[in-house]
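I opened this notebook to record what I looked up, entry by entry, in a single protein model. The sequence and coordinates go in here before the notes begin.

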Amino acid sequence: MTTYSLFVTCPRGLENVLSEELAAQGCTDIAATDGGAACKGGLEQVYRANLHSRTASRVLLRLTKGGYRSENDIYKLAKNINWPNWFTLEQTFKVKIEGKRARVKSLDFVGLKIKDAVCDAFRELYDARPNVGKHHPDVRVNAFIDEQTVEIFIDTSGEALFKRGYRQDTGEAPLRENLAAGLLLLAGYDGSQPFQDPFCGSGTIAIEAAWIAAKRAPGLMRRFGFEKLQGFDKALWDGTRRQAETAIRFQTACAISGSDNDRRIIRTAVANAQAAEVDDLIRWDVRDAQAVRPNGENGIMISNPPYGVRLAEVQALQALYPQLGAWLKQHYAGWTVGMFTGDRDMPKLMRLSPKRKIPLFNGNLDCRLFLLEMVAGSNRGK
């Protein structure tokens, strides 16, 4: 069995959670680094990581790694790859390039050199070249360049893995599904505890919670890039999918609920849950957060409360925080509460001290997951 060098990307801050997921899928030599984890694995691990990882963004398979002094060295490195081993002349491809302290004049120019190398490698063999597909390429090639080395990968995921395949409408300020799952896993949610999100928006966190509780692999509703690659092992993939399908539980041990004060967005959440096939596992309510009460004991609440951008919004929200703090202390003793926000002052204004502050990025927005252990009787004298 061939063992490949893989690099699996994820939202920044979730690297350790991702590493645990990769280990569970049989990957070895796992090394977390900023924005992902390097590891080794065979085709089975490639398929399993794409299908099962809740926090991964892409599973990249390394084709080559080498030093460079000029753009020409990068061209040679790319041209030496046996591209017809990976895809055919009839398929479209696209090159994406990223650099960190790269010693080149222009990353775009290097991207063009790699594209030329791919086309020239095909032309030498077939006297014809594959076409570039700008929007929906069959095959995606990724290159990473730092000060001394260049690594070229083929993307086995296709569309980014946070696209689970069910989403109808994101509503306002969508939280990516893999980040939502990461928040749950960081808080220790495994489906054996009651779960609530009182600012649920279009339902992303609650739906990810239901998928965790139902032991549902997050990739079962979608297709992957590896299905279009040469050497795709259909029997192995069909077996991997079947195994995941038989693991699904159609009822959960504890209650899962989401609520929001916006009736329209709750309709969106319901539609998303139906599309994700978990509408019978989640209870939805149109309700102001402070009117919500626990749906069980010693549960987990994870929420991404509204975060104001304009000063007036920030001030209005900050006026609400002390009330939220009092509500949590009064009703949620014994619960673990996670608030995911771009507002560093939130716990102080809620008059609560977090057990953990975990730095995470929501896209480019520098955020924190504040994990609070709500202790019985902590509201006395307040």
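The entries below move from the sheet to its surroundings, then to two backbone outliers and a long-helix check.

Entry 1, the sheet. Keeping in mind that this is a predicted model, I traced an open sheet of seven strands in the order E2-E3-E1-E4-E7-E6-E5, and I noted that its pairing is mixed. At the edges I found strand E2 (28-33) and strand E5 (93-99), each of which pairs on one side only. The average turn between neighbouring strands of this sheet came to 25°, with direction ignored.

Entry 2, the E5 edge. I followed E5 to its partner, strand E6 (residues 139-145), and recorded parallel pairing over seven bridges. Within E6, Phe144 is the residue that stands opposite Glu98.

Entry 3, a helix over the sheet. I looked up what helix H1 (residues 15-24) lies across, and listed strand E1 (4-9), E2 and strand E3 (36-41); relative to E2, the helix runs at about 165°.

Entry 4, Phe109. I placed Phe109 in helix H4 (residues 107-126). Is this residue buried, partly exposed or exposed? I entered Phe109 as partly exposed, because its relative accessibility is 40%, and the class runs between the cut-offs of 20% and 50%. I also checked its distance to Glu71, and the two C-alpha atoms are 8.3 Å apart although 38 residues separate Phe109 and Glu71 in sequence.

Entry 5, positive phi. Most residues other than glycine have a negative phi, and I therefore searched for exceptions to that rule. Arg101 has a positive phi of about 55° and sits in the loop between E5 and H4; I classed Arg101 as exposed because its relative accessible area is 59%, where exposed requires over 50%. Glu277 is another non-glycine residue with a positive phi, near 65°, and I located Glu277 in the loop between helix H8 (263-275) and strand E10 (283-286).

Entry 6, helix H9. For helix H9 (residues 311-331), with 21 residues, I compared the reach of 30 Å from first to last C-alpha with the expected 30 Å, and noted that they are close. Where does the kink in H9 lie? I found a kink of about 30° at Tyr321, shortly before the proline Pro322. Tyr321 is also among the buried residues of H9, which include Val314, Leu317, Leu324 and Leu328. For the cover over the buried residues of H9, I wrote down strand E11 (300-303), strand E12 (336-341) and helix H10 (346-350) as included.

Technical notes: Residues are numbered from 1 along each chain as its sequence is written. This is a predicted model: local features need pLDDT of at least 70, side-chain atom pairs count only at pLDDT 80 or more; totals for chains, interfaces and linings use all residues. Side-chain values use heavy atoms; hydrogens and water are left out. Buried means under 20% relative accessible area, exposed over 50%, partly exposed in between (1.4 Å probe, protein chains only). Two strands pair if DSSP finds at least two bridges between them. Axes are lines fitted to C-alpha atoms, for helices over the stretch in contact, and angles run from 0 to 180 degrees between N-to-C directions. Contact means heavy atoms within 4.5 Å. The expected span of a helix is 1.5 Å times one less than its number of residues. The bend at a residue is the angle between axes fitted to the seven residues ending there and the seven starting there.
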